[in-house]
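Reader: I am new to protein structures. Please pick a single part of this one and look at it closely. Then show me how the rest is laid out around it.

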Amino acid sequence: MKALCWHGKHDVRYDTVPDPILEHPRDAIIKVSACAICGSDLHLFDGFMPEMKSGDVLGHEFMGEVVDVGPEAKNLKVGDRVVIPFTITCGQCEQCVKGNFSACERTNRNADKAAKMFGHTTGGLFGYSHLTGGYAGGQAEYVRVPFADSTHVVVPPDLSDEQVLFLGDIFPTGWQAALQCDIEPTDTVAIWGAGPVGQMAIRSAVLLGARQVICIDSVPERLKMAVDGGAVAINFEKESVVERLKELTQGKGPEKCIDAVGMESHSSSTMEQAYDRVKQAVGAETDRPHVLREMIYVCRPAGVLSIPGVYGGMIDKIPFGASMNKGLTWRMGQTHVRRWTDELLQLIIDKKIDPSFVITHRANLQTGPEMYKTFRDKKDACIKVVLTP
């Protein structure tokens, strides 16, 4: 079969790879009908995530049709149309029973290796390095889904692929980011990043009743989409984020702040940007934490920082004393996708949201290597790419 494979920094190729087969009675094989390039895929593309190996199949946002199923995956059958969450869940361990699906204790088959770096580790993830299990991803013609009986969402036939595809990642990720804020009707929610997850977080915060939603970015097309979704836009390259947030909150700061950027954030400060770039270059830090620093500074005391943006290692110069003295609550983590999908699917069915609004580019899988560059460089007003094998 054909798949998009990682061969090093900025080197994604459309390769021929072995067809997947059933390896366990709970497995299923999915024929992919649609997949997407996610913002967190760019961290792999840019070489920031450790334990990637040449030839690894990429992609963790995908859906399709069941074409083969193991005997223990009794709630699936050939022909079922499913979205696959990017977090692989056994459904039986202590964390899964509690609904903490991204912390599944059984699905990361390289947990011992990951634990040496993190102490404890996340569950298994599709197409996202050998620290999260080394599972082949979904930017491919076919995918083996382990623990398929609990790692799937059956979708109704009257909804298009584009309407439901993002149930596998960015929609529940934006939703969880907003839910973690415990939004109240009087709240201002500030969201850094107007990429796909940021866009979903904006609409989630609106649906959850925030009084005001503010989005910080610098790409005009993304800021326009944010405004269309109900946010006030701040272009950090043209105005001071700190001063503008003061104006919009009568000097008090936003109660809730969401980092939808993660490890590759950019600063309008030349000195700060240079500092982080140098620290990265010499290996003294792995991630650029500008957004975290800014959120701590502007957030109203007793507020909440919600962090769906991906971080992979070490960060530097975090004003933790300010966070402690202001009494800020931090909530973060990979998304517990399956916890939210039933509710979010119903929102789509009820026409309260159509997640396909975020799609700007549609292409064939074989054009994937070029589309990675288009998405990374934000060319051609690119916000979200959907690929079809």
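Author: Start with one term: a residue is buried if its relative accessible area is under 20%, exposed if over 50%, and partly exposed in between, using a 1.4 Å probe and counting protein chains only. A second term follows: helices (H or I, at least four residues) and strands (E, at least two) are DSSP runs, numbered from the N terminus.

The model is predicted, so local features need pLDDT of at least 70 and side-chain atom pairs count only at pLDDT 80 or more, while totals for chains, interfaces and linings use all residues. Residues are numbered from 1 along each chain as its sequence is written, and side-chain values use heavy atoms, with hydrogens and water left out.

The part to look at is strand β14, which spans residues 256-259. Both of its faces are covered. Lys256 and Ile258 sit on one side, Cys257 and Asp259 on the other, and all are buried.

Now its partners. Strands of a sheet pair through backbone hydrogen bonds, either parallel or antiparallel. Here two strands count as paired if DSSP finds at least two bridges between them. β14 pairs with β11 in the parallel sense, over four bridges. In that pairing, Trp192 has Asp259 as its bridge partner. β14 also runs parallel to β15, joined by three bridges. There, Ile258 is matched with Ser306.

Next, look at the loops that lead into those partners. Asp187 lies in the loop between α5 (170-179) and β11 (188-192). Asp187 is buried, since its relative accessible area is 3%. Contact means heavy atoms within 4.5 Å. Setting aside residues up to four places away in sequence, Asp187 touches Asp182, Ala210, Arg211, Gln212, Glu255 and Lys256. Lys256 belongs to β14 itself.

Arg300 has its place in the loop between α10 (290-298) and β15 (304-307). Without its neighbours within four places in sequence, Arg300 is in contact with Thr249, Lys252, Gly253, Pro254, Glu255 and Leu328. Glu255 thus appears in the lists of both Asp187 and Arg300. For a sense of distance, take Lys31: Arg300 is 269 residues away from it in sequence and 48 Å away in space, C-alpha to C-alpha.

Compare β14 with strand β17, residues 361-364. His361 and Ala363 make up the covered face of β17; Arg362 and Asn364 make up the uncovered one. β17 runs parallel to β18 (residues 385-388), with four bridges between them. Asn364 pairs with Thr388 in β18. With helix α13 (residues 368-376), β17 and β18 make a right-handed β-α-β unit. Right-handed means that, with the strands pointing away from the viewer, the path from the first strand over the helix to the second runs clockwise.

Antiparallel pairing turns up as well. Three strands form an open sheet in the order β2-β1-β4, paired antiparallel. Its edge strands, β2 (12-16) and β4 (56-57), each pair on one side only. Strand β1 (residues 2-6) meets β4 over two bridges. Cys5 has Val57 as its bridge partner in β4.

Rings come next. A ring pair is described by the distance of the centres and the angle of the planes. Rings of Phe, Tyr and Trp (its six-membered ring) pair if their centres lie within 6.5 Å; planes under 30 degrees apart are stacked, over 60 edge-to-face, and the rest tilted. By this rule there are three aromatic pairs. Phe45 and Tyr372 have ring centres 5.5 Å apart and planes at 35°, so they are tilted. Phe45 is in helix α1 (residues 41-45) and Tyr372 in helix α13, 327 residues apart. Both are buried. Phe62 and Phe126 are edge-to-face, at 5.2 Å centre to centre and 90° between the planes. Phe62 is buried, with a relative accessible area of 0%. Phe126 is buried too, also at 0%.

Finally, the whole protein. Its secondary structure comes to 13 helices and 18 strands. Of its 389 residues, 57% count as buried. Among contacts between residues at least 6 apart in sequence, 72% join residues at least 24 apart.
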